[in-house]
Amino acid sequence: MINIFKRINIHFLFYTLALICAITGYFKDFIYIFLLIFFHEIGHALVASLYGWNIEKIKILPFGGITIFKENLNKPIKEEFIILISGSLFQIIFYIIIKSHVTRTDILEFYNYSLLMFNFIPLIPLDGGKLINLLLNKFTSFKKSHIITVYISYICIFIFLYKILFKFNLILIIIISFIVLNILKEHKIHNLIFNKFLLERRLYNFKFKKTKKIFGCKFEKMKRDYSHLFYTENKIYTEKEILRKKFDFEDNMW
């Protein structure tokens with residue numbers, strides 16, 4: 001738990017917002033939001049540490065938080081799902097415990113449910129975007145799941161922008177700008193993420209219960225939680241063999 005707290009990184013604008021809220025009389029609101037966000041991110045980090053995940057940092061932003069992991073992309077879907085929902089579970093538990101000790105329960109309730117609902121909008125890098133990606137990974141390939149999640153994020157952010165088009169709000173502009181930049185970045189590195197997924201399969205020995213057959217060297221059909229057998233040129237290759245050929249350039253078969 002001590003190591004988790006050492007990973008916390010607070011954005012400098014967070015302190016600026018705290019000062020503004022103190023001056024304008026909204027410091028109690030700020031504390032409510034901060035504590036809800038804090039326990040949400042601690043929930044992600046604590047459960048991830050129980051699974052042995054490497055936590056790179058916990059970023060506390062002016063209007064939210066994000067836990068960044070330094071882990072393989074080939075972690076079990078179930079494991080990642082549990083870590084994903086643990087943030088909201090910890091937030092709800094904190095809300096239930098603290099609500100009987102505050103004077104304005106209506107304000108605390110509003111912030112709690114607003115944060116929960118906003119966080120599950122299917123947008124990268126929110127939990128909703130990650131949840132959509134995990135669900136897609138259950139039914140389709142890793143590569144397709146990722147790009148579909150990016151496209152869903154584009155659609156959602158355009159809808160969001162349309163809804164607030166004539167409502168100038170500095171906080172919303174900052175939040176949306178942050179989200180848009182993350183979606184664009186995720187789209188830009190789509191192929192790098194996919195290559196990392198493949199390279200992990202080449203370098204490490206993952207063990208999966210299920211096996212999928214792929215005809216031809218169609219790496220884009222590879223799925224999470226599956227090992228693969230490639231049928232090509234009248235031969236059968238394990239994924240380790242076929243990826244060795246791809247990354248070590250031993251053959252020019254594609």
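## Exercises on a predicted protein model

In this protein chain, 60% of the contacts with a separation of 6 or more join residues 24 or more positions apart. The model is predicted, so let us start with its confidence.

### Exercise 1: Confidence along the chain

Find which helix has the lowest confidence and which has the highest.

*Solution.*
- Step 1: Begin with the whole chain, where the mean pLDDT is 88 and 93% of the residues reach 70 or more.
- Step 2: Now go to the extremes. Helix 1, residues 2–6, has the lowest confidence with a mean of 69, while helix 6, residues 127–139, has the highest at 96.
- Step 3: Look also at residues 250–254, where the pLDDT is below 50; this stretch has 14 contacts in the model beyond near neighbours in sequence.

### Exercise 2: The chain as a whole

How many helices and strands are there, and what does the C-alpha trace span along its principal axes?

*Solution.*
- Step 1: Count the elements: the protein chain has ten helices and six strands.
- Step 2: Along the principal axes, the C-alpha trace spans about 75 × 45 × 30 Å.
- Step 3: Add burial to the picture: 40% of the 254 residues count as buried.

### Exercise 3: Two residues, two settings

Decide for Lys213 and for Arg202 whether each is buried or exposed.

*Solution.*
- Step 1: Place Lys213 in strand 4, residues 210–215. Its relative accessibility is 54%, and because exposed means over 50%, Lys213 counts as exposed.
- Step 2: Check the company of Lys213. Leaving aside neighbours within four places in sequence, Lys213 is in contact with Leu229 and Tyr231. The C-alpha atoms of Lys213 and Ser227 are 8.8 Å apart, with their positions 14 residues apart along the chain.
- Step 3: Turn to Arg202, found in helix 9. Its relative accessible area is 18%; buried means under 20%, so Arg202 is buried.
- Step 4: List what Arg202 touches, not counting residues up to four places away in sequence: Lys240, Leu243, Arg244, Phe247 and Asp248. Ser49, by contrast, is 153 residues from Arg202 in sequence and 26 Å from it in space, C-alpha to C-alpha.

### Exercise 4: Covering helix 10

Which residues of helix 10 are buried, and what covers them?

*Solution.*
- Step 1: In helix 10, residues 239–248, the buried residues are Glu239, Lys240, Ile242, Leu243 and Lys245.
- Step 2: Their cover includes helix 9, strand 5 (226–232) and strand 6 (235–238).
- Step 3: Link this to Exercise 3: Lys240 and Leu243 are among the residues that Arg202 touches.

### Exercise 5: Cysteines

How many disulfides does the structure hold?

*Solution.*
- Step 1: The structure holds zero disulfides.
- Step 2: Classify two cysteines by accessibility. Cys156, at 17%, counts as buried, and Cys217, at 21%, counts as partly exposed.
- Step 3: The two fall into separate classes because the cut-off for buried is under 20%.

### Exercise 6: A pocket

Describe the space and the lining of the second largest pocket.

*Solution.*
- Step 1: The second largest pocket holds about 1,200 Å³ of space.
- Step 2: Its lining is made of 34 residues, and Phe69, Leu73, Lys130, Glu186 and Ile193 lie nearest the centre.
- Step 3: Sort the lining by class: 14 nonpolar, eight polar and twelve charged residues.
- Step 4: Find where the lining comes from. Elements that each supply at least two residues include helix 3 (27–50), strand 2 (55–61), strand 3 (64–69) and helix 8 (170–188).

Definitions and conventions
Residues numbered from 1 in each chain as written. Predicted model: local features only at pLDDT ≥ 70, side-chain atom pairs only at ≥ 80, totals over all residues. Heavy atoms only, no water. pLDDT = per-residue confidence, 0-100. Helix = DSSP H or I, 4+ residues; strand = E, 2+ residues; numbered from the N terminus. Contact = heavy atoms within 4.5 Å. 1 Å grid on protein atoms, 1.4 Å probe; cavity = no way out; pocket = protein on both sides within 12 Å on 5 of 7 lines; lining within 4 Å. Points joined across faces, edges and corners; volume = space filled by probe spheres on them. Nonpolar A, V, L, I, M, F, W, Y, C, P; charged D, E, K, R; others polar. Disulfide = S-S within 2.5 Å. Buried < 20%, exposed > 50% of the residue type's maximum accessible area, 1.4 Å probe, protein only.
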